[in-house]
Amino acid sequence: MLFISWDSDQTNYMENLFFPIFEGLQKEMDCEFFVLQFSWANAAEVKRIANIAKELKITYQQQQVRRKPHPVLGSLLTTQLGQIAIKRMVIKYGITHLMPRSTMPAMMVNSIINWAKTRGIKIVFDADGLPIQERVDYAGLKESSLQYHWLKRAEAKMLKQADTVLVRSNLAMHQHIKNIGQIHKPKFFKVSNGRIKNRFKPDSLVRKKIREDLNIMPETKLWLYSGSIGPQYLVGEMLQLFETYHIHYPESKFLFLIRNPTSLAEAIPNHLKQAILIKTVNYESLPAYYAAADLGVSLRKPAPSLIGIAPIKVSEYLLAGLPIISSKGIGDLDAMIGEQPFCFMYPPNNKEKLIHWLQNVKGISREQIRAQSIPSFALENSITEYKHALKSSKL
């Protein structure tokens, strides 16, 4: 299986999400995974990922994405050269299955689809959300533009040509089938973004240490946000929610674990600055801070593309036993956890409802939240879903 991705220079989902899934599949199925990652990461980052892959017995290769003379032109040139790179790996390693993830890898595989099919190579398309719609929702792509129609044609071709299609929500599955026809329904499968359950878990000793490091008293309520910062993540709304609580409980704190703290620091009003903590930590340290927190926050700006995603942070929060505040309309989360007492769906009907929920959720133990979440959000579930998709498709 050759997994093909297209990434920036600052993503860590490969080693934190896909590598554990691939390692699990290699142990439980008669399969071997190879990874071809297109990115503009530097040599040190590429070496770091390659070393992790080697430890897991996954063959990894990086292909540099060209950014000159212009990112668009560089990307087009990279896709042309990428087709050659894919063919070389197919021939060198005897690849029997191609697994492009999202739009750009799909375009490259589209260009060699006949070459692949004549060699009996199967195609597993990891549609992974609604990435083109995301560009419309958050990046300014116009639905009337040539680029949009070009990308949609490429996506539709891959959805139709693939032997198996993987999605992250039933809602995304229904959207794709509506666009390309019911005849393709049997090849669609939902898979989850599971996390390693032994990494994210309640831990009283770690909780005590981290809180001491942060100078937070044991009884102080600590909110947590972990992830990227941008307009789609509703920073202002998160701060407003916290302020509603902070008025009643002025000793409470809000910890942000983010990579780029500058834009967030500028958005914090002066009267909340003493209550907001901002840290940048490596992935290995995240579980410790989750153990120190009391509540996880995962908000998204309402948009059509939300139905296709499965936020990784939600899996991490819940496995760590954290009650969560989550936006309505994110993937299948409304159906999966929307009615659970440990989940508060944003936006609320009124502010008092949030305070009431926060008071009641104290009675739910972290162990109880974790136990209810393991069947749906742990890595083992993801591996089972991938196995089902591959076996059902007779791949």
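## Cores, a buried helix and backbone outliers

Asn215 is found in the loop between α9 (204–214) and β8. The model is a predicted one. Phi of Asn215 is near 60°, positive although the residue is not glycine. With a relative accessible area of 68%, Asn215 is exposed.

Asp128 also has a positive phi without being glycine, here near 45°. Asp128 sits in the loop between β5 (122–126) and α6 (131–138). Unlike an exposed residue, Asp128 is buried, because its relative accessible area of 16% falls under the 20% limit.

Most residues other than glycine have a negative phi, and most peptide bonds are trans. Against that background, one peptide bond stands out. Tyr346 and Pro347 are joined by a cis peptide bond, with omega at about 5°. Pro347 belongs to the loop between β13 (343–346) and α15 (351–360).

The table collects accessibility for several residues.

| Residue | Relative accessible area | State |
|---|---|---|
| Tyr225 | 0% | buried |
| Phe256 | 0% | buried |
| Ser75 | 14% | buried |
| Asp128 | 16% | buried |
| Asn215 | 68% | exposed |

**Nonpolar cores**

The largest nonpolar core has 64 residues. Trp223, Phe254, Phe256, Ile325 and Ile337 touch the most other members. Helix α10 (residues 235–248) gives this core its largest share, six residues. A second, separate core holds 43 residues, including Trp6, Phe34, Trp115 and Ile123.

Ile337 shows what such packing involves. Beyond residues up to four places away in sequence, Ile337 touches Val314, Leu318, Ile324, Phe342, Cys343 and Phe377.

Trp6 also turns up around Ser75. Ser75 lies in helix α3 (residues 71–93). Apart from neighbours within four places in sequence, Ser75 is in contact with Trp6, Val65, Arg66 and Met104.

**Aromatic pairs**

The count of aromatic pairs comes to 18. One of them joins Tyr225 and Phe256. The rings are tilted, at 5.9 Å centre to centre and 50° between the planes. Tyr225 belongs to strand β8 (residues 222–226) and Phe256 to strand β9 (residues 253–257), so this pair ties together parts 31 residues apart in sequence. Both rings also belong to a wider cluster: ring pairs link Trp223, Tyr225, Phe242, Tyr245, Tyr249, Phe254 and Phe256.

**Helix α13**

How many of the eight residues of helix α13 (residues 312–319) are buried? Seven are, so the helix is largely enclosed by the rest of the structure. The buried residues are Lys313, Val314, Ser315, Glu316, Tyr317, Leu318 and Leu319. Val314 and Leu318 are among the residues touched by Ile337. Elements covering the buried residues of α13 include β8, α12 (286–292), β11 (295–298), β12 (324–327), α14 (333–337) and α16 (366–377). Gly321 follows α13, with a positive phi near 80°.

**Second largest pocket**

Rolling a probe the size of a water molecule over the atoms shows where empty space is left. The second largest pocket has a volume of about 270 Å³. Its lining consists of 16 residues. Lys221, Asp294, Pro323, Val361 and Lys362 lie nearest the centre of the pocket. β8 and α16 each supply at least two residues of this lining. β8 and α16 also help cover the buried residues of α13. By type, the pocket lining divides into 10 nonpolar residues, one polar and five charged.

Conventions:
Residues numbered from 1 in each chain as written. Predicted model: local features only at pLDDT ≥ 70, side-chain atom pairs only at ≥ 80, totals over all residues. Heavy atoms only, no water. Core = buried A, V, L, I, M, F, W, Y, C linked by side-chain atoms within 4.5 Å. Buried < 20%, exposed > 50% of the residue type's maximum accessible area, 1.4 Å probe, protein only. Helix = DSSP H or I, 4+ residues; strand = E, 2+ residues; numbered from the N terminus. Contact = heavy atoms within 4.5 Å. Phe/Tyr/Trp six-rings, centres within 6.5 Å; stacked < 30°, edge-to-face > 60°. 1 Å grid on protein atoms, 1.4 Å probe; cavity = no way out; pocket = protein on both sides within 12 Å on 5 of 7 lines; lining within 4 Å. Points joined across faces, edges and corners; volume = space filled by probe spheres on them. Nonpolar A, V, L, I, M, F, W, Y, C, P; charged D, E, K, R; others polar.
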